[in-house]
Amino acid sequence: MSLLAIEDLAVTFPVEDGPDVPAVDGVDLQVETGEIHGLVGESGSGKSVTARSIMRLLDGAEVSADRFDYRGEDLYAKSEAEMRRIRGDDIAMVFQDALSALNPVMTVGEQIAEVVRHHGDVDESAGLLSELRRKYVTGTSKSAPSWRRAVDLLETVGIADPEDVATSYPHQLSGGQRQRVMIASALGGDPSLIVADEPTTALDVTVEAGILDELQCLCDEFDVAILLITHDLGVVAETCDRVTVMYSGSVMERGTTDGLFENPAHPYTKGLLRSIPEGAPSEDGQLATIPGSAPEPTERPAGCPFRDRCPAAFDACSDPLPEHVVDGGEGHVARCHLYTEGDDLGEVTWETDA
Ligand code: SF4
Ligand code: MG
């Protein structure tokens, strides 16, 4: 059983004076226990909307799916109270912008300790006196189990001086330290899944590499799965076990990272990969440029949304996207009319950029 199994997800944002905006349509996504799964695409591809649908944090949107199971249970059948527990206890989120996600007037140790008390398994007698002390005197006592756990977690995520950092406020820390604090805080509730939306995008390349290494260690150590949302295929190559490629609200291709990088099947994936030598991270952290731009959600062509940019497009591409297993299996699926079941991977020739 997959940890997270989503089938045929559609998310639409109703608009009062215009056509509704179909943000994602027909998205399948499976995340297995303990894996790092990359969800990759350009901005506007629907990857962040897909991520937020897992937290049920899409106010005002219409969400439908054939299946939306977490540990085999329908997340969308849960009450809001159950969801509040699940967010933090079971599924935690790490955002790109730690500075706005963290509380500016609380030390980071206090913030992590709070997550530990609310969502973790630390047993701390929450008597009236310690509650009052927390609120009005000096914050969590430095000997409280939740504080010790916060310091441990800071050390776990690679903070060199965890005692000092725990007593710091977010603005006193570097961008890289804050991102590590966010990850420590996510771990505070012992989640099974961390949804990380572009967690390293704002950081420089060396700091990013250190944090990505840390994420890989955490997966092994805590058996936590990470859904890593990124626009950078270099990050995927370095970090992920499996990958799902999205374009214009739909999944284009998915498979193991090795399978997809060695034998990309979909013309869109091939276009993204062609400027990344041997799966190395792209220098500027950006995706390769594919001529043209993605269609507006309200103006997608029928059939394959990549049709207007695809060098291999032909008549059948206006038919609904198929779902073809390619490259001998291992869950490698390409949604493209170039293939029929079991076909070889074919050639797509890209014109060199002018
Ligand atoms: Fe190109 Fe057609 Fe495949 Fe879409 S379905 S990627 S337009 S060949
Ligand atoms: Mg985004």
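**View 1. The two sides of helix α9.** In α9, the buried residues are Glu 208, Ile 211, Leu 212, Leu 215 and Leu 218. Seen down the helix axis, these buried residues lie within an arc of 115 degrees, so they line one face of α9. The arc is taken over the directions from the helix axis to the C-beta atoms. A residue is buried if 20 or more other C-beta atoms lie within 10 Å of its own, exposed if 12 or fewer, and partly exposed in between, with C-beta atoms placed from the backbone. Helices (H or I, at least four residues) and strands (E, at least two) are DSSP runs, numbered from the N terminus. On the other side of α9, Thr 206, Cys 217, Asp 220 and Glu 221 are exposed. An α-helix has 3.6 residues a turn, so residues three or four places apart point the same way.

This is a predicted model: local features need pLDDT of at least 70, side-chain atom pairs count only at pLDDT 80 or more, and totals for chains, interfaces and linings use all residues. Residues are numbered from 1 along each chain as its sequence is written, while chains are lettered from A and ligands numbered from 1 in the order in which they are written.

**View 2. Length, cover and end of α9.** Helix α9 covers residues 205-222, 18 in number. At 1.5 Å a residue, α9 should span 26 Å, and its end C-alpha atoms are 25 Å apart, which agrees. The expected span is 1.5 Å times one less than the number of residues. Cover for the buried residues of α9 includes β3 (36-40), α8 (175-187), β9 (225-230) and α10 (233-239). Contact here means C-beta atoms, placed from the backbone, within 7 Å. Just after α9 comes Asp 223, with a positive phi of about 55 degrees.

**View 3. The enclosed helix α1.** Helix α1 runs over residues 47-55, and 8 of its 9 residues are buried, so it is largely enclosed by the rest of the structure. Lys 47, Ser 48, Val 49, Thr 50, Ala 51, Arg 52, Ser 53 and Ile 54 are the buried ones. Arg 56 follows α1, and its phi is positive, near 55 degrees.

**View 4. The open mixed sheet.** Eight strands form an open sheet of mixed pairing, in the order β7-β8-β9-β3-β10-β11-β13-β12. β7 (91-94) and β12 (324-325) stand at the edges with a single partner strand each, so one side of each is left without a neighbour in the sheet. Two strands pair if DSSP finds at least two bridges between them. β3 pairs with β10 (residues 242-247) in the parallel sense, over 4 bridges. Leu 39 stands opposite Thr 244 in β10. In the loop between β10 and β11 (250-256) sits Ser 248. Ser 248 has a positive phi of about 50 degrees, although it is not a glycine. Ser 248 is buried, with 24 other C-beta atoms within 10 Å.

**View 5. Edge strand β7.** Ile 91 and Met 93 point one way from β7, Ala 92 and Val 94 the other way, and all are buried. β7 runs parallel to β8 (residues 193-197), joined by 4 bridges. Val 94 stands opposite Ala 196 in β8.

**View 6. Strand β5 and its hairpin.** Side chains alternate along β5. Phe 68 and Tyr 70 point to one face and are buried; Arg 67 and Asp 69 point to the other and are not. β1 (residues 4-13) pairs with β5 in the antiparallel sense over 4 bridges, and Ala 5 stands opposite Asp 69. β5 and β6 are also antiparallel, over 2 bridges. Tyr 70 has Glu 73 in β6 as its bridge partner. The hairpin of β5 and β6 has 2 residues between the strands, and in it Arg 71 takes a positive phi near 50 degrees. Arg 71 is partly exposed, with 15 other C-beta atoms within 10 Å.

**View 7. The shell around ligand 1.** Of the 13 residues around ligand 1, Cys 304, Cys 310, Ala 313, Cys 317 and Cys 336 come nearest. A residue is near a molecule if its C-beta atom, placed from the backbone, lies within 6 Å of it. The shell has 10 nonpolar, 2 polar and 1 charged residues. Ala, Val, Leu, Ile, Met, Phe, Trp, Tyr, Cys and Pro count as nonpolar, Asp, Glu, Lys and Arg as charged, and the others, Gly among them, as polar.

How values were computed:
Contact = placed C-beta atoms within 7 Å.
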